[in-house]
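I want to note down what I looked up here, beginning with charged side chains and then turning to the nonpolar interior.

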Amino acid sequence: MSVRFVALSGFLGAGKTTTLGALARALEARGHRVAVVTNDQGEQLVDTQVAAAAGDDVAEVTGGCFCCRFEDLESVVTAAIERGAGTVLAEAVGSCTDLQATVVRPLRRRYGAGFTVAPLVAVVDPVRHAELGRSLGLSDERDDLAYLYDRQLADADVVALNKIDATPRPDVDRVAGDLRRRCPDALVLEYSAATGAGLAALVDVVTGDAGVRPRDLELDYDRYAAAEARLAWLNHALRLEPAGAAPVPPARWGEAALAHLGA
């Protein structure tokens with residue numbers, strides 16, 4: 001049986017989980033049998049529950065990135081294949097990079113000729129990309145977070161510019177141009193995981209025959225670790241009890257929660 005592995009990377013908040021679900025639905029509509037794997041530093045992942053809305057075959061790798069939990073990833077991929085999955089979609093935690101060397105190649109060696117790997121996709125939020133350019137100074141080679149973000153983009157075969165439905169067209173064009181300058185060897189695609197606009201082109205790429213570029217990413221692991229140490233995850237479960245009969249929109253309580261945390 002032929003199996004295709006599709007990996008998504010990208011910085012925190014880029015929309016990887018929404019993209020994962022949109023890809024799963026689009027692939028299943030084309031007749032593919034899809035399994036989804038989520039990943040994060042914590043336990044009891046919200047991403048897993050969100051991804052489950054797109055399909056029944058969902059698993060997770062917790063407590064670290066794919067490269068640090070490779071045996072766990074290998075186990076869930078093997079289980080998905082045994083259940084009959086023909087396509088495995090895997091979303092790496094937002095602080096992860098160097099997936100080509102630490103995940104893609106080892107999986108290809110493990111499963112052999114019947115296991116094909118789609119081009120590695122890095123998801124980018126255009127608004128956050130612009131904000132990171134201002135707050136981090138993406139051209140500042142001394143900043144470790146800017147370094148991590150740059151290495152995520154450099155590792156990708158496809159840079160997928162998400163959320164074009166929620167971003168003014170001039171801003172999309174500006175960010176797309178910047179990404180093409182930064183990533184001259186990568187394919188830059190524009191799409192919206194929320195509305196599906198442009199998504200067909202991304203599906204065509206991950207199901208096509210382009211393959212991945214043979215290369216080694218230059219990575220300073222001390223700087224990588226320093227960047228991860230500057231990031232933070234909130235892993236907390238809570239139960240909402242509405243005061244009245246009217247339902248509360250998730251965005252509304254999310255804004256209230258963030259405002260409370262910020263205070």
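Entry one. I looked up Glu 74 and found it partly exposed, with a relative accessible area of 21%, because buried would require a value under 20%. I kept in mind that I am reading a predicted model. The side chain of Glu 74 meets that of Arg 110 in a salt bridge, at 3.3 Å from N to O. This pair links distant parts of the chain, since Glu 74 sits in helix 3 (residues 70-82) and Arg 110 in helix 4 (residues 99-111), 36 residues apart. Arg 110 is likewise partly exposed, and I wrote down its relative accessible area as 42%.

Entry two. Which residue does Glu 190 meet in a salt bridge? I found that its partner is Arg 169, with 2.5 Å between N and O. Glu 190 belongs to strand 8 (residues 187-190) and Arg 169 to helix 7 (residues 169-182), so this salt bridge ties together parts of the chain that are 21 residues apart in sequence. I noted Glu 190 as partly exposed, at 22% relative accessibility, and Arg 169 as partly exposed too, with a relative accessible area of 41%.

Entry three. I then stayed with helix 7, where Arg 181 and Asp 178 both lie, 3 residues apart, which is about one turn of the helix. Their side chains meet in a salt bridge of 3.9 Å, N to O. Is each partner buried or exposed? Arg 181 counts as exposed, at 61% relative accessibility, whereas Asp 178 is buried, with a relative accessible area of 18%. I also noted that salt bridges sharing partners join Arg 169, Asp 173 and Glu 190 into one network. My search of the whole structure gave 12 salt bridges. As background, I reminded myself that side chains of opposite charge can pair when their charged atoms come close.

Entry four. Next I turned to the nonpolar side chains, remembering that in soluble globular proteins such side chains tend to be buried together. The largest nonpolar core holds 52 residues, and the members touching the most others are Phe 5, Leu 73 and Val 159. I followed Phe 5 and, leaving aside neighbours within four places in sequence, listed its contacts as Val 77, Val 88, Ala 90, Val 103, Leu 107, Phe 115, Thr 116, Val 117 and Ala 118. Apart from this core lies another, made up of 24 residues, among them Leu 23, Leu 27, Val 34 and Leu 202.

Methods. Residues are numbered from 1 along each chain as its sequence is written. This is a predicted model: local features need pLDDT of at least 70, side-chain atom pairs count only at pLDDT 80 or more; totals for chains, interfaces and linings use all residues. Side-chain values use heavy atoms; hydrogens and water are left out. A nonpolar core is a set of buried Ala, Val, Leu, Ile, Met, Phe, Trp, Tyr and Cys residues joined through side-chain atoms within 4.5 Å. Buried means under 20% relative accessible area, exposed over 50%, partly exposed in between (1.4 Å probe, protein chains only). Contact means heavy atoms within 4.5 Å. A salt bridge is a side-chain nitrogen of Lys or Arg within 4 Å of a carboxyl oxygen of Asp or Glu. Helices (H or I, at least four residues) and strands (E, at least two) are DSSP runs, numbered from the N terminus.
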